[in-house]
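Me: Please take a close look at the enclosed space inside this protein, if there is one, and at what surrounds it. I would like one connected account that I can follow residue by residue.

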Amino acid sequence: MRLVILGLPGAGKGTQAENIAEKYGLNAISTGAILRDAAKEEGRFRKEVQEYMSQGELVPDEWMNRLVKDYLEENELEDDFILDGYPRTLQQAKALEAYLQRKNQTLDAVLFLDVDEDVLRQRLLQRSKSHSLEKKRQDDQPEVIENRLRINKELTESLLEFYQQRNLLYVINGEGDPDTVFKTIEKVINRKK
Ligand code: AP5
């Protein structure tokens with residue numbers, strides 16, 4: 001199965017992508033996690049990636065398209081994946097579609113986790129107060145959170161329209177507790193299998 005999970009920052013994409021990957025035997029691919037790892041390692045783009053991410057700005061489309069394509073190909077994951085954090089722009093969505101078309105493939109479904117913005121703010125601020133260093137994120141500072149929400153809001157609207165037109169979109173209420181949200185997701189995926 002080839003899935004995409006969409007949602008504004010804090011909507012629960014990472015949490016639910018892991019649940020889905022475990023239950024359905026898919027590979028959860030988080031572009032945010034890949035970039036956070038890249039930002040720790042020596043490399044050409046390290047500083048630039050760090051800068052984009054710490055401000056909540058988007059890494060350029062060309063980099064992201066290349067990164068995801070290489071990641072899927074190198075790890076031979078083209079048939080069983082759930083993408084979390086990508087695509088994030090219309091340009092990325094079109095690049096993913098073209099990439100899959102070249103392999104005679106399509107996505108099976110796109111899940112959108114719908115969560116009110118104030119709930120998102122609370123979740124991200126809560127995570128910023130986490131005592132565990134592992135969970136703390138540099139971009140969970142109040143002004144960066146606002147920037148992330150602002151940037152992603154408009155882009156998400158166009159992505160929803162893009163996938164709605166292709167009959168791939170499933171809107172999931174993302175406001176319950178994680179288990180309740182996952183139960184709703186399971187119903188959608190089980191219908192697609
Ligand atoms: P990324 O890591 O993708 O961050 P994000 O989209 O801002 O989303 P988060 O990871 O903060 O939230 P999430 O929706 O995954 O929710 P989570 O499960 O973590 O990207 C980071 C940065 O990388 C971007 O800003 C950009 O710079 C760059 N980037 C990445 N992809 C890119 C791309 N394609 N193009 C360009 N740039 C890109 O949950 C959040 C919190 O809420 C957690 O504490 C969790 O425990 C809690 N929680 C989850 N679900 C629930 C629930 N149901 N109820 C209560 N709490 C919940």
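Reply: Helices here are DSSP runs of H or I with at least four residues, strands are runs of E with at least two, and both are numbered from the N terminus. With that naming, the helix that gives the most to the lining of the largest cavity is α7, with 3 residues. The model is predicted, and the account below should be read with that in mind.

A search of the whole structure finds 1 cavity of 30 Å³ or more, and the space in the largest cavity comes to about 100 Å³. Its lining is made up of I5, L6, G7, L8, K13, G85, Y86, P87, R88, N152, T156 and L159. Two elements, β1 (2-6) and α7 (142-165), each supply at least two of these residues. Sorted by class, the lining holds 6 nonpolar, 4 polar and 2 charged residues.

The stretch of lining that includes Y86, P87 and R88 leads to Q92, a residue of helix α5, which covers residues 90-102. Q92 counts as buried because its relative accessibility is 3%, and the cut-off for that class is under 20%. A polar atom of the Q92 side chain lies 2.9 Å from the backbone nitrogen of R88. Once residues up to four places away in sequence are set aside, Q92 touches Y86 and P87, together with V59, D61, M64 and N65. Of these partners, D61, M64 and N65 have numbers that fall within α4 (61-74).

Helix α4 also takes part in another space, since α2 (31-40), α3 (46-55) and α4 each supply at least two residues of the lining of the second largest pocket. About 400 Å³ of space lies in that pocket, and of the 16 residues that line it, L35, A38, F45, V49 and L67 are the closest to its centre. Its lining divides into 9 nonpolar, 1 polar and 6 charged residues.

Helix α3 can be followed back towards the cavity by way of Q55, which lies in it. At 47% relative accessibility, Q55 counts as partly exposed. Leaving aside neighbours within four places in sequence, Q55 is in contact with V144 and N147, and both numbers fall within α7 (142-165), the helix that also contributes to the cavity lining. Q55 and L72, by contrast, are 17 residues apart in sequence and 27 Å apart in space, taken from C-alpha to C-alpha.

Methods
Residues numbered from 1 in each chain as written. Predicted model: local features only at pLDDT ≥ 70, side-chain atom pairs only at ≥ 80, totals over all residues. Heavy atoms only, no water. Buried < 20%, exposed > 50% of the residue type's maximum accessible area, 1.4 Å probe, protein only. Polar contact = N/O pair within 3.5 Å; in protein donor to acceptor, adjacent residues only side chain to side chain. Contact = heavy atoms within 4.5 Å. 1 Å grid on protein atoms, 1.4 Å probe; cavity = no way out; pocket = protein on both sides within 12 Å on 5 of 7 lines; lining within 4 Å. Points joined across faces, edges and corners; volume = space filled by probe spheres on them. Nonpolar A, V, L, I, M, F, W, Y, C, P; charged D, E, K, R; others polar.
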